[in-house]
Amino acid sequence: MRYDGAIKRGEGIAIVREIQVDAQAHELSPHGTLVDPLEINHDDLSAFAQGAVRCHWHEELELSVVREGRARYTLGSGVYELSAGQGLLINANVPHSFAPVGGNAVLLTLILHPSFLYGLPGSEIERGLMRPFLNARRLPVVMLEAGEVQAVREIDALFERKPFAWALRCKAALCELFCTLLVRC
């Protein structure tokens, strides 16, 4: 699934996106399915109501890279300002919002359920690696290093081109990326 979040104009009316949440700010929109477990978005923040993504949270992991401009990420109790070419990982169940800084910003966002990485609940990967990371309250966010940002871009390119075995290649690249992140954290 891909959403290119540019403002769509129809008969002179701008159609904007808005994150739908419940009373606890839990995002109501599902991210991916068993058939299509990875969601990649190209979000132009000007396409959202008030020009920003409102505070929300979800069970999925989120990788975000600023493609254009500057963006302010508010995550739990921390605020991070990123420029084009910088990115971060938002851990599962962490409240977060995004807003442009000094103009507009365009973000590349990958959203995936952790089970896409670990497979079956109770597996060694889930118990020994992912569960401790997902439950680490001291790690609501991880700043991405240059090579990790490049890996996110490469996953996006695979997703866009869809060469033979693209889904398996995306999963392999995501597993390699998360292995790097887990070792570093």
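Two strands count as a pair when DSSP finds at least two bridges between them. With that in hand, here's the hairpin to look at: β6 and β7 form one with two residues between them, and G76 in its turn has a positive phi of about 60°. Keep in mind that this is a predicted model, with an average pLDDT of 89 for the protein.

**Confidence**
- Of the residues, 89% score at least 70 in pLDDT.
- Strand β8 (residues 87-90) comes out highest, with a mean of 98, while strand β2 (residues 8-10) is lowest, with a mean of 37.
- Residues 1-13 have a pLDDT below 50, and this stretch still makes 32 contacts in the model beyond near neighbours in sequence.
- Go easy on such contacts, because predicted coordinates should not be read in detail where pLDDT is low.

**Strands around β6**
- Strand β6 (residues 61-75) pairs with strand β9 (residues 96-112) in the antiparallel sense, over 13 bridges.
- For a handle on that pairing, take L75, whose bridge partner in β9 is H96.
- β6 also runs antiparallel to its hairpin mate, strand β7 (residues 78-83), and six bridges join them.
- Within the hairpin, T74 has V79 of β7 as its bridge partner.
- β8 pairs with β6 too, again in the antiparallel sense, over four bridges.
- There, V65 is matched with G87 of β8 as its bridge partner.
- If you're tracing side chains by eye, remember that in a regular strand they alternate between the two faces of the sheet.

**Helix α2 and what it packs on**
- Helix α2 (residues 124-134) has E126, M130, F133 and L134 as its buried residues.
- These four sit on the same side of α2, because they cover an arc of only 105° around the axis.
- The buried residues of α2 pack against two strands already met, β6 and β8.
- Their other packing partners are β10 (141-143), α1 (115-118) and α4 (166-184).

**D156 and H42**
- D156 is part of helix α3, which spans residues 146-161.
- Is D156 buried or exposed? D156 counts as buried, because its relative accessibility is 11% and the cut-off for buried is under 20%.
- The side chain of D156 has a polar contact of 3.0 Å with the side chain of H42.

Terms used. Residues are numbered from 1 along each chain as its sequence is written. This is a predicted model: local features need pLDDT of at least 70, side-chain atom pairs count only at pLDDT 80 or more; totals for chains, interfaces and linings use all residues. Side-chain values use heavy atoms; hydrogens and water are left out. pLDDT is the predictor's confidence in each residue, from 0 to 100. Contact means heavy atoms within 4.5 Å. Buried means under 20% relative accessible area, exposed over 50%, partly exposed in between (1.4 Å probe, protein chains only). A polar contact is a pair of N or O atoms within 3.5 Å; within protein, one must be able to donate a hydrogen and the other to accept it, and residues adjacent in sequence count only if both atoms are side-chain atoms. The arc is that of the directions from the helix axis to the C-beta atoms.
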